[in-house]
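Hi,

Here is the structure I promised to pass on. Have a look at it first, and my notes on the charged pairs follow underneath.

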Amino acid sequence: MNVELNEELNSCKNNDEPLEDDFVKGVLQSGIDLRSFSKKTENELKAVENACVGDYINESSNIACLHSQITECDTILERLEGMLCTFQADLGNICQEILCLQEQSVSLNIRLKNKQLVRSELSQFIDDIVVPEAVISHVIDTPASETEFLEQLFVLDQKLTFVKEQSFKDAISCHDVMEILNNLKVKAVAKIRDYILKRIQSCKKAMTNYQIPQNALLKNKFFFTFLMAHNREVAREVQNEYIDTMNKVYFSYFKEYISRLSKLRFEELPDKDDLMAGDDSAKAKTSFFTGKPNLKNKSTIFTVGNRGNILTSELEAVSIFPHLAQKSETKFPVESIFRSVQYALLENACREYLFIADFFNVNSNTCLDLFNAVFGRTLSLLAKSSEDEFHSSYDSIGLFLSLHLVYRYRLVSHKRAVPALDAYWETLVKNIWPRFEQVFQMHIQSVKTCDVSKLSNIDTRPHFITRRYAEFSAAIMSVNDTFPDERVSILLGSLQREVENLILKVASKLSSPRQQLVFFINNYDVILSVLMERTKEESKESENLKQLLHKRIHDYVEDLLCQHFSTMICFVKDCEAYQEKCDVSAIQREEGKIGDIVKSFNGGWRKSIEEINREVLNSFTNFKCGNNIQQTALTQIIQYYHRFHKLVTSTPLKNTAVRSSLMNIHQLMVEIKKYKTTF
């Protein structure tokens, strides 16, 4: 044993493993003989073992009791284990039963749902295929105009559609109700046909407001839908009857309306001699008693006046009632007659287009075809009537107003979503515009070829041709501003150039240049005043006239001042020219004129200003224009005198003896302000 212990210790040392047992370490370090120490330890262990055996012998009874108890516990646990195993087996059986019950429950639920679905569909099928007593009684006995008939007609339509669908699926039950439904369908179709045809026939009666039967048809528009679904031949018959009837109704109505309105035109219409440069003084018809021109039955030719209201406040006014107008002996210009006819057409056509689209339930192309079938003859009649009316018209303003009525009514029809009249509006434009352009060119040509030598009573006042042009161009421009057309602007430009040339020709017949200037100013001013008053924005024509007017006013003022202050004006212009050239000697040579100029100015400036003021105010027909020219002339006098004063006090002429005789410029300004007119 000692040998083994030594070997073990040596192996531990060789492996360099530390001895972790403190007791062994202490023994090894103490140097005790290990054999004796081992023997001692062995003896101690035997003593301990003997002691333990004694203790076990002393407790043998207790150990035996404990053994018996353990054995009893093992027996109890075995029985308990058997019970638990039995319970576990029972639980397994219960789970299997639960799964079986769950499967049975799902199966029963599916069967229930299938039965309910079948019951629902079968109930619905029975409800859809069975014909209620109310349907039979109302379809047979109730008039088509009653609400109950329409309500049951919806039900009948649904059942007919359903049975038709089921018959395709070979449903045997359809044969049980097919005969009843067919009989009801025949009865309903007959009643609907009679009802619609009676409403259509009522439109043929004289003095009938056909909007009433149309509204009645719209309330029952399902009638035609029913016919289209179940009897297309009757539906086509009804549709053709409506088209034929309304075609005749509209044609006869508008034919009679045009005929009666034609009697309400002004008796005296413009003719080929009523041109801008034409002299109609000899043509003016006079009243037998007063000897004055009778304008009651004549429209304005060159002025728009209240005629322009037809495009604004009267655009959608009620059409003319011929019987009321004849009773009051009221006459109308061409554009009012035209407006009344076109507005009546617009109202009826828009309503008819929307009725066709709604009642017959058609698409846009089919609706347009049906509309043309109803309104085709009427539109041709109106287009031909308008062409005949305007073909011989010389009323350029009436033509232009009618043209713009077409533009506006075309826009109104688009707002109402009715495109069916577009071709008609385009036809009217093609009829009116060439005639308007032709008459406009006749006005231009009349001005261009006007023989000035045949014009009588030529003076400095605005010429009657100028007044006509001013009113005419303002009328055309004010209307054209709403729907600008470059072609109209070109015509107006040509007319303005010819009028300006005519003004130059007429002015050449006046005796003096100053009269010519006054004539220019008066004529340009009247044109510009009318244009500025009647048009919204400054046009190219207005700008050109402003430039011409300013130039003529400047020339007139210069000529007028030269009459009274010519020596001072010439002196100022000459000396200022010398100053620009720095020619001092030339300025000094003019010094001898200063005394006479000052003497003449001081002695006669008040009288000259009074004469200028009087002449200006008496020369111009427009007080405002005359006042502006007066102020321009007085201002120009002050400026000339100021320039004269500046020259006299300049370095080359500052030693002039008459400097002290110069009137103070402020005194002159105070005196001139007295002539300023305030209004």
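**What turned up**

Let me begin with one arginine: Arg307 is buried, at 9% relative accessibility. Please keep in mind throughout that this is a predicted model.

Which partner does Arg307 have? Its side chain meets that of Glu335 in a salt bridge, with N and O 2.6 Å apart. The two residues come from distant parts of the chain, 28 residues apart. Arg307 sits in the loop between helix H10 (232–262) and helix H11 (322–328), while Glu335 belongs to helix H12 (residues 334–359). Glu335 has a relative accessible area of 1%, and because buried means under 20%, Glu335 counts as buried, as does Arg307 at 9%.

A second pair makes a good contrast to look at. Asp388 and Lys384 form a salt bridge whose closest N and O atoms are 3.0 Å apart. Here both partners lie in one helix, H13 (residues 364–391). They are 4 residues apart, which is about one turn of the helix. How accessible are these two? Asp388 is partly exposed at 43% relative accessibility, and Lys384 is also partly exposed, at 46%.

Two further items on charged residues:

- Asp459 and Arg461 join their side chains in a salt bridge, at 2.6 Å from N to O. Asp459 is partly exposed, with a relative accessible area of 26%.
- Arg193, Asp194 and Glu237 are tied together in a network of salt bridges.

As background, side chains of opposite charge can pair when their charged atoms come close. How many salt bridges are there in the whole structure? The search finds 19, and the pairs described above are among them.

Now for the overall picture. What is the secondary structure made of? The protein has 23 helices and 0 strands. The protein consists of 679 residues, and 40% of them count as buried. Taking the contacts between residues at least 6 apart in sequence, 78% join residues at least 24 apart. The link between Arg307 and Glu335, 28 residues apart, is an example of a pair from distant parts of the chain. Finally, the accessible surface of the protein comes to about 39,400 Å², and carbon and sulfur atoms account for 53% of that surface.

If you open the model, you could start with Arg307 and Glu335, then turn to Asp388 and Lys384 in helix H13.

Best wishes

How values were computed: Residues are numbered from 1 along each chain as its sequence is written. This is a predicted model: local features need pLDDT of at least 70, side-chain atom pairs count only at pLDDT 80 or more; totals for chains, interfaces and linings use all residues. Side-chain values use heavy atoms; hydrogens and water are left out. A salt bridge is a side-chain nitrogen of Lys or Arg within 4 Å of a carboxyl oxygen of Asp or Glu. Buried means under 20% relative accessible area, exposed over 50%, partly exposed in between (1.4 Å probe, protein chains only). Contact means heavy atoms within 4.5 Å. Accessible areas come from the Shrake-Rupley method with a 1.4 Å probe; for residues, only the protein chains shown count as cover.
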